[in-house]
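Colleague: Please take a close look for me at the part that the UniProt entry annotates as "binding site", and set out what surrounds it.

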Amino acid sequence: MKGMNTSDQSLLRLERAADELRRGQPVVVTSGAQALLVMPLELANTPALARFDQMVTGSFVMLTNNRALSLKVAGEDWAAVRLERPSWMKAEDMVALADPTLDLASPLKGPYRRVNHPSTELDEAAIKMVKWARLLPAVLAAEVSGADAFPDQMAVNADEILNADFTQAAALRQVASARVPLAGAENTHLVSFRPMAGGIEHIAIVIGEPNRHDPVLMRIHSECFTGDLLGSLKCDCGEQLRGAIKAIEDAGGGVLLYLAQEGRGIGLISKLKAYALQDQGYDTVDANTRLGFDVDERVFAPAAEMLKQLGFKSVRLMTNNPDKVAGLERFGVTVTERVAHKFPTNPHNEQYLATKKAKTGHIL
């Protein structure tokens with residue numbers, strides 16, 4: 001890591017730890033003199049559990065409060081909830097505990113006993129770390145003496161994890177720019193952003209030659225593989241994307257920020273799991289929380305940073321979501337106007353849009 005600044009070093013550690021977790025390998029999360037060895041519950045298997053147990057003297061399961069409540073575990077509104085690991089709990093039980101799409105196929109044994117341990121920064125960071133790895137927020141964990149006892153495991157600090165979204169946003173840099181004529185908006189440039197240490201990449205779609213001195217017409221669009229690319233009827237994302245490009249072109253120019261925050265920030269695989277839960281009768285909000293996530297995991301610091309680097313200080317924001325207005329303004333971008341951006345429903349997304357209006361405050 002020689003020659004890298006502190007932020008780049010932090011992001012590099014986070015990405016390496018996330019890579020280990022996606023392979024089912026444990027990592028160490030530290031906070032002062034305290035540390036946890038954690039591995040993702042959804043990737044548990046018998047050999048991995050045997051290796052984990054050889055490294056520690058005792059362990060427990062840790063979930064978010066949302067997932068614990070769906071398992072009928074009485075909570076204390078703690079962000080992270082520790083559960084005892086009973087002797088009967090095998091690898092397949094852990095996977096089913098983490099993944100609610102398996103509830104019908106693998107009825108959970110339970111009941112589960114909550115450990116009376118209010119969540120700490122360390123616990124919250126352990127859960128955040130598996131979210132960062134785009135995995136379900138559930139881990140097998142053990143209190144350990146510190147990272148020095150596990151020289152072969154990646155170690156990350158709790159503060160680094162909990163501040164990761166903002167560290168990554170501040171580290172974004174323009175890395176490529178090219179003219180890409182679009183259908184209906186031929187004078188378009190794509191500008192890509194990523195942290196110099198690597199990680200998630202976001203794209204700015206700059207249409208026309210927007211004036212940097214006046215509020216620019218713009219939209220923040222979270223990527224949606226199913227809607228944007230495949231034309232899924234379960235959402236209105238594809239219509240919003242193409243509709244925004246047309247509206248910006250018709251207005252004489254502006255910018256669309258295409259953020260890598262699939263599924264309201266939970267990632268594509270978890271979004272597909274949420275879709276499976278919707279097929280069982282849960283709405284979009286309940287599906288996300290049943291998976292253990294917050295209703296919306298996105299942050300808008302990357303959007304604010306991209307706008308600043310592009311030279312835009314104030315915007316006319318195309319959105320039906322007031323949280324996006326607040327999210328931009330929190331990071332220093334002035335929103336002079338919220339521009340409505342809605343489209344007709346179809347039989348497949350009527351409930352989805354009704355839930356947005358009723359539960360997440362969308363103005364529809």
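Modeller: UniProt positions are given here in the numbering used for this model, and such annotations may be inferred rather than shown by experiment. With that caution, the unreviewed entry carries the annotation "domain: GTP cyclohydrolase II" over residues 175-339. In this predicted model, that span is 37% helix and 27% strand, and its end C-alpha atoms lie 30 Å apart.

The annotation you ask about, "binding site", comes from the unreviewed UniProt entry and covers Cys224, Cys235 and Cys237. Of these residues, Cys224, Cys235 and Cys237 are included in the lining of the largest cavity.

Cys224 sits in the loop that runs between β10 (216-222) and α8 (225-229). Because buried means under 20% relative accessible area, Cys224, with a relative accessibility of 4%, counts as buried. Once residues up to four places away in sequence are set aside, Cys224 touches the annotated Cys235 and Cys237, together with Leu229, Tyr258, Glu262 and Lys271.

The last two of those partners are themselves paired, since Lys271 forms a salt bridge with Glu262 in which the closest N and O atoms are 2.5 Å apart. Both Lys271 and Glu262 are buried, and both are in contact with Cys224.

Cys237, for its part, belongs to helix α9, which covers residues 237-250. With a relative accessible area of 12%, Cys237 is also buried, since that value falls under the 20% cut-off. Apart from neighbours within four places in sequence, Cys237 is in contact with His221, Cys224, Asp228 and Tyr352.

Asp236 adds a link to another part of the chain, for its side chain meets that of Lys356 in a salt bridge (3.8 Å, N to O). Asp236 lies in the loop between α8 and α9, whereas Lys356 lies in helix α15 (residues 350-359), so this pair ties together parts that are 120 residues apart in sequence. Lys356 and Asp236 are both buried.

To place these pairs in context, the structure holds 20 salt bridges. One of them joins Lys131 to Glu297, with the closest N and O atoms 2.8 Å apart. Because Lys131 is in helix α5 (residues 121-132) and Glu297 is in the loop between α12 (284-290) and α13 (301-310), this pair ties together parts that are 166 residues apart in sequence.

Technical notes
Residues are numbered from 1 along each chain as its sequence is written. This is a predicted model: local features need pLDDT of at least 70, side-chain atom pairs count only at pLDDT 80 or more; totals for chains, interfaces and linings use all residues. Side-chain values use heavy atoms; hydrogens and water are left out. On a 1 Å grid over the protein atoms alone, a cavity is a set of points where a 1.4 Å probe fits but cannot get out, and a pocket is an open set with protein on both sides within 12 Å along at least five of seven lines; lining residues have an atom within 4 Å of a point. Helices (H or I, at least four residues) and strands (E, at least two) are DSSP runs, numbered from the N terminus. Buried means under 20% relative accessible area, exposed over 50%, partly exposed in between (1.4 Å probe, protein chains only). Contact means heavy atoms within 4.5 Å. A salt bridge is a side-chain nitrogen of Lys or Arg within 4 Å of a carboxyl oxygen of Asp or Glu.
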